[in-house]
Amino acid sequence: MIPMKPMAKVYTAIIFLFLFAPIIILLVFSFNSSNSLSVFSGFSLHWYKELFHDTNTLAALKNTLVLALCASILSTIMGTAAAVGINKLRSKYMQAAMNTVTNIPMVNPDIITGISLMLMFVFVGRLMGLGTSLNFWTMLIAHITFCLPYVILQVLPKLRQMDPALPEAAQDLGCTPMRAFLKVEVPEIMPGILSGLIMAFTLSLDDFVISYFTAGNGFETLPIRIYSMTKKTVTPKMYALSTLIFFVVLALLLITNLMDDDEEAKARRAEKKSKRSRKQYSLGNRGKELIAAGVIALALVGVLGASALSNSGDTLELNVYNWGEYISEGADGTLDTVKAFEQWYKETYGQKVKVNYSTYASNEDMYAKLKSGAVSYDIVVPSDYMIARMKDEGMLLPLNFDNIPNYQYITEDYRGLYYDPNDEYSIPYAYGIVGVIYNANVVDEADIGSWDLMWNEKYAGSILQFNNSRDALGTAMYKLGIDVNTTDKTQWDRALAELLKQRPLVKAYVMDEIFNALESGEAAIGAYYAGDYFTMMEAQADDVDLQFYYPDETNYFFDAMCIPSCCENKELAEIFINFMLSEEIAIANAELIYYACPNSLVYENEDYQEYLGEDMEILYPSMDGFAEKYNRFAYQNLSDDMLDYMNLLWENLKIN
């Protein structure tokens, strides 16, 4: 029998391994020579080099650090003042009440805090007649709000440990109350102040949920940028950035612990009068440094505000809201679309324009942000079913095609589609078709060609299914020849029965996880879009041979550029859309996102065709009857009743 002491060590080691294994894996793969997120191909600093050439990610990192610095210093100053005030309350009931109020933001779920703050900012913004209620300032206020309680929690115990006679004695010896506070109280509570500062900084640096609901135009933090990448796979350069941030945070934690140890050592020497005097002098200076840091933070906030206000003069602003990783941004030597437009507009019209480019991860996120009225955008890029919904709800403006002459390059094959039958509200940007991706080293060629492969018992445990109700039920309906937009609930029941048959064969229900699973060979079969198939091909392991085919009946989708009803500069928005349809820009964007482009300047371009090579046949299948197939097989916006029923079926599948 193993003695208890060694067993405790083994148990502790297992716990630490469980906690830190994900971080270790992230660290290791940040040095991977390939872009695979599952197969280590060799040591390289490639992704660190790519990271420092990604100007948009570095800009998001800068925004995050500026926000965290301002929020942490301001919340530390305010939190310290609040802790002093609470500590001086004579009524224990008032102290208990204040402690309870202070703890509420810490125990309240972030999503509740984020939504409530957003609603408050929208309400105040409308009272003030503002078109846009959210900006850098609202996010800063939000971060200060959730950081304050943690600062108070760190400072208050230090105040209670301090001898209350010390500041009184200092005042008896001639100090003013403020001087007594700086020279006596601040040195005593300095460890708590610095611990609160570091805690606030790390909390602000890490926050996503509250930032997401309170973010405005043109100010994107790193967590929001990473979240917006989920339309496609997160690249390994994010692993590199996460590794750097991890070591920075680790260093801050070590500094905090060393400070705590140093404080304990100083407490043991507190009885020695001379050392105590020197300690007060030294830490008194640190108190002044804290105030100086606060002044610097306020100055920094002022500079940001001044720069924001400076854009409101002769510079026009355009607010663009698009999917993450859905435009050429200048990374890896590619064309920077936004900067190119700003430069072109100045050269063409003689006026400066600033494009505030923000991203979202789903149609529903974009819809909720617009519906709330919190932020005004000039251009959005929804998917087809969402365009139909927004059009019906009066959330889109009709386009003036006189300002969009390049629309002529969108051929008849891509016009008159169900979501905008009269081509009034949208300009097609990209489209995709769902196909089946399979590992040719595992799957027999005789088994491919239809949706039946996803139900083939021979490959049980190697099949991946969509992890969302519409797509998963859609694969079953395409297989059975059922209209995916039917309102007949018995047909939806048939689709559920088909998914229940498939359930024992499924390895996992996935979305973005399909990239790693297929690239590494963990799974052999899955349904996804053709553009994403090419991304997987580039990262597949040496023993994996990914291939692709379209079943006869399958899903089509379109994303299109639209102008929402909250637009503040419609003509400028139309000029930007026209610029996006120009040949060089459209090709650069098409090469980056790897979805099919409905612009004839792109798919008829010889250089673009040479760039795609054999992939051209997969990305652009036969156009015969394209509009008819699209209108028949694309997902259309269902009624609320049908959406509720579909979700109920999905829950039944997951329970089973």
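This briefing describes selected helix, aromatic, charge and backbone features of one structure. The model is predicted. Helix H13, spanning residues 337–349, is treated in most detail, followed by an aromatic cluster that includes Tyr-321 and Tyr-377, the surroundings of His-143 in helix H6, and the positive phi values of Glu-325 and Asp-423.

**Helix H13**

- Helix H13 comprises 13 residues, and the distance from its first C-alpha to its last is 18 Å, close to the 18 Å expected at 1.5 Å a residue.
- Its buried residues are Thr-337, Val-338, Phe-341, Glu-342 and Tyr-345.
- Viewed down the axis of H13, these buried residues fall within an arc of 135 degrees, so they line one face of the helix.
- Lys-339 and Glu-347 are exposed and sit on the face of H13 that is turned away from the buried side.
- The packing partners of the buried residues of H13 are two strands, E1 (316–323) and E2 (353–360), and two helices, H20 (570–580) and H21 (583–593).
- At the N-terminal end, H13 is capped by Asp-336, which places a side-chain oxygen 3.3 Å from the backbone nitrogen of Val-338.
- Just after H13 comes Gly-350, with a positive phi of about 70 degrees.

**Aromatic pairs**

- A pair of aromatic rings is described by the distance of the centres and the angle of the planes.
- The count of aromatic pairs in the model comes to 53.
- One of these is the stacked pair of Tyr-321 and Tyr-377, with 4.0 Å from centre to centre and 5 degrees between the planes.
- This pair links distant parts of the chain: Tyr-321 belongs to strand E1, whereas Tyr-377 lies in the loop between helix H14 (363–372) and strand E3 (379–380), 56 residues apart.
- Tyr-321 counts as buried because its relative accessibility is 2%, under the 20% limit.
- Tyr-377 is likewise buried, its relative accessible area being 1%.
- Ring pairs join Tyr-321 and Tyr-377 into a cluster with Trp-323, Tyr-326, Tyr-360, Tyr-429, Phe-466, Phe-515, Tyr-528, Tyr-529, Phe-557 and Tyr-595.

**Charges over rings**

- Lys-369 lies over the face of Tyr-212, at a distance of 5.5 Å from the ring centre.
- Arg-389 lies over the face of Tyr-367, at 4.2 Å from the ring centre.

**Surroundings of His-143**

- His-143 is located in helix H6, which covers residues 136–161.
- With a relative accessibility of 0%, His-143 counts as buried.
- A polar contact of 2.7 Å connects the side chain of His-143 with the side chain of Ser-204.
- When neighbours within four places in sequence are left aside, the residues in contact with His-143 are Leu-67, Ala-71, Ser-204, Asp-207 and Ser-211.

**Positive phi outside glycine**

- Most residues other than glycine have a negative phi.
- Glu-325 is not a glycine, yet its phi is positive, at about 55 degrees.
- Glu-325 is found in the loop between E1 and H13.
- The relative accessibility of Glu-325 is 21%, and the residue therefore counts as partly exposed, a class that lies between the limits of 20% and 50%.
- Asp-423, also a residue other than glycine, has a positive phi near 50 degrees.
- The position of Asp-423 is in the loop between helix H15 (384–392) and strand E4 (427–439).

Conventions
Residues numbered from 1 in each chain as written. Predicted model: local features only at pLDDT ≥ 70, side-chain atom pairs only at ≥ 80, totals over all residues. Heavy atoms only, no water. Helix = DSSP H or I, 4+ residues; strand = E, 2+ residues; numbered from the N terminus. Expected span 1.5 Å × (residues − 1). Buried < 20%, exposed > 50% of the residue type's maximum accessible area, 1.4 Å probe, protein only. Arc of directions from axis to C-beta. Contact = heavy atoms within 4.5 Å. Polar contact = N/O pair within 3.5 Å; in protein donor to acceptor, adjacent residues only side chain to side chain. Phe/Tyr/Trp six-rings, centres within 6.5 Å; stacked < 30°, edge-to-face > 60°. Lys NZ or Arg CZ within 6 Å of the ring centre and 35° of its normal.
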